[in-house]
Amino acid sequence: MESKGFLLGTAIPRVKFVTEKIIDWLSVILLSGIFILGIAQVIWRWILNNPIVWSEELIQLTYVWICYLGWTIASRKDSHIRITAVLNMLPKKVQKWVQIFNHILCIVFSVLMVYYGIQLIGAGMKRTAVSIALNYGIVYTMGPICNFVIICYEIAALVECFVKGPKDYRDKGGNEE
């Protein structure tokens, strides 16, 4: 019984905190890297007349990672675009079940993304990028990793919806938190 209290009281919040910090910092580092590499690419191409051949491909591949990380952050903060005009008019009990259904759909989609993402990693291990020695399997790993994290966020949101009831998504002047 003590281990259950440790798990819920200490371990899970700590893992959540560390995971969120890693995702946030990785996003900042990758976005900064794209910015710096993009500036360097322009300087080398137009001022030094000696383009960096591999920079465009690395920027594109890094952008894939940033998109997945952004999706994960949006799931964590529950800030995806949604149209709630009709949902807000429904009774609270119906809103709750619509939100539960939405969380279940997100979980199913993410499970499929993990499953097919792992298959894509296998196929990507046979390919390398054209201008840099980077295996596509490495690039594709971000999909299953981020979707696994999204599954955890959606399960937590699902439990919260069952326990606390539906979230109120009425317009709050741009501040949804």
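## Two helices checked by length

The expected span of a helix is 1.5 Å times one less than its number of residues. Try that rule on helix H2 of this predicted model. H2 covers residues 55–77, which is 23 residues, so the rule gives 33 Å. The C-alpha atoms at its two ends are 32 Å apart, and that agrees.

Helix H6 takes the test too. It runs over residues 142–164 and has 23 residues. From first C-alpha to last, H6 reaches 32 Å, close to the expected 33 Å.

## What lies inside H2

Which residues of H2 are buried? Among them are Ser55, Glu57, Ile59, Leu61 and Thr62. Further along, the buried residues include Ile66, Leu69, Thr72 and Ile73. Ala74, Ser75 and Arg76 are buried as well.

## Positive phi angles

Most residues other than glycine have a negative phi. Asn49 has a positive one, near 50 degrees, and is not a glycine. Asn49 sits in the loop between helix H1 (2–47) and H2. Is Asn49 buried or exposed? With a relative accessible area of 63%, Asn49 is exposed, because the cut-off for exposed is over 50%.

Asp78 is another residue other than glycine with a positive phi, near 55 degrees. Asp78 comes just after H2, in the loop that leads from H2 to helix H3 (85–89). Its relative accessible area is 18%. Buried means under 20%, so Asp78 is buried. The C-alpha atoms of Asp78 and Glu154 are separated by 9.3 Å, although the two residues are 76 residues apart along the chain.

Gly165 follows H6. The phi of Gly165 is positive, near 95 degrees.

## Aromatic rings

How many aromatic pairs does a search of the whole structure find? The search finds 5. One of them is Trp97 with Phe162. Their ring centres lie 5.8 Å apart, and their planes make an angle of 80 degrees. That arrangement is edge-to-face. Trp97 belongs to helix H4 (residues 92–124) and Phe162 to H6, so this pair ties together parts that are 65 residues apart in sequence. Phe162 is partly exposed, at 42% relative accessibility.

Tyr115 and Tyr116 also pair up. Their ring centres are 4.9 Å apart. Their planes stand at 80 degrees, so this pair is edge-to-face too. Tyr115 has a relative accessible area of 46%, which makes this residue partly exposed.

Three more rings belong together: Tyr68, Trp71 and Phe109 form one aromatic cluster. A charged side chain meets a ring elsewhere. Arg127 lies over the face of Tyr136, at 4.2 Å from the ring centre.

## A nonpolar patch on the surface

The surface carries a nonpolar patch of about 980 Å². Phe35, Ile36, Ile39, Val42 and Ile43 help to make this patch. Trp44, Trp46, Ile47 and Leu48 contribute as well.

Take Val42 as one member of the patch. Val42 lies in helix H1. Its relative accessible area is 47%, so Val42 is partly exposed.

Notes: Residues are numbered from 1 along each chain as its sequence is written. This is a predicted model: local features need pLDDT of at least 70, side-chain atom pairs count only at pLDDT 80 or more; totals for chains, interfaces and linings use all residues. Side-chain values use heavy atoms; hydrogens and water are left out. Helices (H or I, at least four residues) and strands (E, at least two) are DSSP runs, numbered from the N terminus. Buried means under 20% relative accessible area, exposed over 50%, partly exposed in between (1.4 Å probe, protein chains only). Rings of Phe, Tyr and Trp (its six-membered ring) pair if their centres lie within 6.5 Å; planes under 30 degrees apart count as stacked, over 60 as edge-to-face and the rest as tilted. A charge sits over a ring if NZ of Lys or CZ of Arg is within 6 Å of the ring centre and within 35 degrees of the ring normal. Patches are made of residues with over 30% relative accessible area and no salt bridge: like charges are joined within 9 Å, nonpolar side chains (Val, Leu, Ile, Met, Phe, Trp, Tyr) within 5 Å. Accessible areas come from the Shrake-Rupley method with a 1.4 Å probe; for residues, only the protein chains shown count as cover. A salt bridge is a side-chain nitrogen of Lys or Arg within 4 Å of a carboxyl oxygen of Asp or Glu.
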